[in-house]
Structure formats: structure tokens, C-alpha cells
Amino acid sequence: MCGIMGTINKNNDAIQKVIEGLERLEYRGYDSCGIAYLDNLEIETIKTKGRVKELSQLVDSNIKTNIAIGHTRWATHGGATTINAHPHTVGSITIVHNGIIENYLTLKEKLINNGYTFKSETDTEVAGALLDFYYQKNKDIKDAITNFIKEVKGSYAIVLLCKDIKDKLFVIKKDSPLVIGTNQEGVLIASDIPTISCECEDYYLLNDLEWAIVGLDKISFFNNNGEEIIKERQVFKDAALTYSKEKYDHFMLKEIMEQVTTLSKLINYYLEDDRYLNLIDISKFKRIDIVACGSAYNASLVGKYLFEEEAGIETEVYLASEYRYKKNFLDKDSLVIFVSQSGETADTLACLKKIKETDAKSLGIINVEKSSISLLVDEVIYTKSGSEIAVATTKAYTSQLAVFSLLTLSSLVKNRKLDKTDAVITELKNIGNDVQTLLKDTSKYQEVAKKIVASKKIFFLGRSIDYAIMKEGDLKLKEITYISSECYAAGELKHGPISLIDKDTLVIAGNTNKLLYEKTESNLCEVTARGANTLLITNKNTDSDNILIPEKSIYVSPILEVIPLQLIAYYTGVLLERDIDKPRNLAKSVTVE
Ligand code: AGP
């Protein structure tokens, strides 16, 4: 999704700093980019439909300037073209923007009636024009920004340059993240913390409807009425993030391999000193809703299964994009769990804001610390999997599964339904070894990748928790290979989709639940009878073409089951020479609705 980077500094290397920041933002996914900077007291803008590397080649590296803003654009309003790329200049204002201006058509009409013309199809140019419209009235940028905030509907993180005020940047925020960091050289502004944490010592987070005037020596903060406010300065405590692929060809492979340590660390942190017993007791609630998108939704389906089957607590899982417009039935006995790697997903965040108006308690299962969702929930459990750069999530997803296991076990132990010394807890503790076993020999996953490429249709099947895991396998394959695949509950196939099965089909099925082994096997007979090839991921002794995972409890087994699927998707993407870490059209964190 779109990324923002801006700086004002002493070193006159603002262009270089912005380009470096845009490179760090690349992982979010984008289709065009641009930069604006002050050169000889004029604002210069350079944009391209290409990558940040191409942008850097278009900029004269000899230019020394202390102020610049940049943007990576993920197209929403208008195609991925150079004209639509940010920054946009209208009158005195040059602007970069993340988010969506919902009433941009009404605003555009008003501005056209006031003599404005537009070059691009974007809502951002309209935002720039509205700011200019108010600025031209009395040349007061404060008035312009407060009027802008009053009139605009939608979400925005904005950084702007005003051609009459050459030593300041202006930033405005609503429903889209924005962080202002400082260091000895000056100020860096970005749309996410990881982009500047490697360069800054301190930072300020803007709340919705807040804005700031950023100068080299002073940053002033304001509320939506234009009143100056005090903001707390926060310190970067953790080591700066590294963006190195190390010995791997792709971040995705590195992150898959890292699961040995991310899972062990997370689980051992909570099991050590019985910390997991301090987690919220899910059994206290009469209603549990879990809300998420994409892979986080798939992880939540596993959570539902654990909560219901193991802890006996009825749970519903919802797609955030549906939940936000649905009637809710929440009261003080309800818990709503928000699952998100980035903690910034627009739909999930909107649902959280909605339920904040009820008496329900909110819990976040979040990877990125200090992200918008993590700051707004009543309680947060961090998944502690470190920065995830590849757009397709792997290690953050398995950490979400581990948190659901810990929450379930915590409730069972607290309610004396399970002993602290039970074998399932020891098993969870040793998960690193099992993950390591699955990652050791990747040749079998590469063989499956060849079969996938040779097939015309790919189906994923499973029952109960296997179905939830197969949904994630299906999503991974779609995301990074662009292969059109389908995923069904195994028993549902014969109600329609089986008509698609023929000799050109490869069916990948999960079968790890003893109680349902035979049922899933029968469904596989139905597809082989129609000519399909099959591949099983199972913990039951199997012929060598299938993939065997260790037989473990329900708290560990789903985590092990998904790892072969991640690697199969990865190697298929490699065979097809896809852009593995930045698949087409996708964004790492989806900050628009
Ligand atoms: C996962 O591989 C996807 N890129 C995507 O489905 C993702 O899980 C979804 O957009 C939710 O993101 P979040 O976890 O950051 O909220």
C-alpha cells in the first residue's frame, strides 16, 4: 500500500534520505513513486511509473537540499501512471497522501467551480487543491489545514510542502498511520515506524485529526481546532530493524526459515514463569467474536476451532470488511479479538473503533508494536515474530496460531481442566525442533511445485482445522504464483465444485485429524475416481509421494501443517519466476478500505 517519507535535515542530503526511506517502504507494495524537493528555492517534482531505483536514477544526485517528501503509490483512484503518482502540486501546495478522500468528487466539483483544473484522476490532487483553496484566502496555512480537516471525509496521512514557507513540512493525520522521528541531523516523517526506526532516536505518533508543523529546530502539534497541544516524545528501545535477506534469495524464504526461532521464542516467553497464565481468560466471556482479514482471518478460523473444541467456548470469526457494517450483539460479557500482523489494516481498525462504542472488551493479537490497533485495544498480545518484509505472511501467521494455542491452554489450566505439566505443554515447548525437521529437506516441496505448474487446476481440501489450514495454503499459492486455485471443505465438494475435477487437476488435501481420516480419504477417492492427482499433507503413515508431518496435539499440529504449504507456494513462485516478495497488485498492509 502507499508509503510516505519526508525529511528536513541539517546535512543537505534530504533527497538521499527520502530515496532510502522509499526503498525501505517498497515491501508494502506499490506501482509508482515520486519525490519533491526544494532546489534553488523552487519545488521540483520527479515521478515515475517504475520502481524507486528508477526514480533515484531520474534525480540529479548532485543536488543538495535540506527538505524533501516522497511517496510510493498503490493505485486506488486512477491507474498506475506517472501523472497519478504523488507528489501533486496545486497552487502553493505540494502534497503526498495515504488513504482515501471519500467525498473527493463533491470537493472536486466545488473546486472546479472555483477555477481549479486537475491533471490527474486522484483524490490526492483534490486534497491538495482544497488545501490551496483555503490557503489562498488569507495565506494562513493553519487556517487552511483546520478548514481542510473540517471538510474532508475519509482517511489521510498527508505531508505537504508550501512554496511560501520553505523551511517547514506540514503533516496531517486521520485513520492512516504517520510517525515523526528525530535524530541529531533533523526530522524524518514516515507512514510506518520501521521505515525510520533505523535512523531515529525518538519519535512522535500523531492521533487522528492531529497535525503538526515540522521545522528543523521545533515541531509544533495541533488538534483539529488548530489549538496547540503537547505530544509525548517516545524513545526507540528496540534494535533497529534490518532489511537484509542474508543468505536467502527472498525475504519470504528467510521468514519461513525463521519460524524455528520465532515460534520457540514466542512460546518459551509465555511458558517461562507461567506468563501464559496472565493472558486474558477467554472462558470469562459469554460471546467471543474474532475479526481479521486475509491470513489473519485464516489464523482466526484455527483459533475458533481451539476455543470451541478444546475450551468449549462458542466463537465466531468475521472478515473485518463485513463486520464493520454488520449489526453487533455485544455487551459487557463479550470479547472481540482483533488479529493483525501490521496492526494497521483499515477494515480491522475500523471494526475496533466501532466496537469501542459498546461495552465489549477488545483484545489485539498484533505483530507490529505501537501500531494503531495495538494502541487502541484494551489488551494486546504481541506475536513477537519480528519485522516481516515479504508481502505474503508466513512467520507472523504461525505466531498468531501459537497465540491461539497459548490462550486456549491458559484458560484450560486456570479453570483446572488441564494440568500445567500436561504433555501438550511440553510438546508446544519443543515446537522449534519439529519445525526444523520440516524445513530441513526442501526437495520434496520443490517436486510438488513442479506438479502444480504441470496441472491446469489446483484444489485444496480439508475438514475442520485442516480446512482452515488449507485456506491459508490456497491463499499463499494465489498470492505469490498468480495461479487460480480453489479451496473447499472436503465434504462440500460434491455439492457443486466436483464438476470441475478432471485429469488435469491436482488436489492438495490436509488430513491430520484421526477422527476424520476416513472421511477425508473417501473424498479423495471421489476425486481420484474422476482422474485427479492428489497430494496429502498428513501425520498418518503414508506413501512417499505425500508429505508427512509429525503427529502432534491440536496445539502444535496446525502450525506444522502449514509449513509445507508455505514452501510449496514459495517454490512454485520461484519456478514461475514471480516477484516473490512483492507480488503484483498486493500490499503488505492494506490501509485503505
Ligand atoms: C497475507 O499473506 C496477506 N498479505 C494478507 O491476506 C494479510 O494477511 C491481510 O491483509 C491482513 O493483514 P494484517 O494481518 O496486517 O491485518
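Here are legends for four close-up views of this predicted model.

**View 1. Aspartate 39 in strand E2.** Strand E2 covers residues 32-39, and aspartate 39 is part of that run. With a relative accessible area of 21%, aspartate 39 counts as partly exposed, because buried would need a value under 20%. Setting aside neighbours within four places in sequence, look for Glu44 and Ile63 in contact with aspartate 39. Cysteine 2 sits 37 residues from aspartate 39 in sequence, and the two C-alpha atoms are 25 Å apart.

**View 2. Serine 557 in helix H19.** Helix H19 takes in residues 557-575, serine 557 among them. Serine 557 is buried, at 3% relative accessibility. Once residues up to four places away in sequence are left out, serine 557 still touches Thr512, Asn539, Ile549 and Lys552.

**View 3. The residues around the ligand.** There are 15 residues around the ligand, and the ones that come nearest are Ser340, Gln341, Ser342, Thr345 and Glu479. As for the site itself, the ligand takes up the space of the second largest pocket. Helix H9 (294-310) and helix H17 (464-481) are the elements that each give two or more residues to the shell around the ligand.

**View 4. Polar side-chain atoms beside ligand oxygens.** Threonine 345 has a polar side-chain atom 2.4 Å from an oxygen atom of the ligand. For glutamate 479, the distance from a polar side-chain atom to a ligand oxygen is 2.8 Å. Lysine 476 also puts a polar side-chain atom by a ligand oxygen, at 3.1 Å. On its own the ligand would expose 410 Å², and the protein buries 91% of that.

Key. Residues numbered from 1 in each chain as written. Predicted model: local features only at pLDDT ≥ 70, side-chain atom pairs only at ≥ 80, totals over all residues. Heavy atoms only, no water. Helix = DSSP H or I, 4+ residues; strand = E, 2+ residues; numbered from the N terminus. Buried < 20%, exposed > 50% of the residue type's maximum accessible area, 1.4 Å probe, protein only. Contact = heavy atoms within 4.5 Å. Near = heavy atom within 4 Å. Polar contact = N/O pair within 3.5 Å; in protein donor to acceptor, adjacent residues only side chain to side chain. Areas by Shrake-Rupley, 256 points an atom, 1.4 Å probe, with all protein chains shown as cover. 1 Å grid on protein atoms, 1.4 Å probe; cavity = no way out; pocket = protein on both sides within 12 Å on 5 of 7 lines; lining within 4 Å. Sits in = over half its atoms within 2 Å of the grid points.
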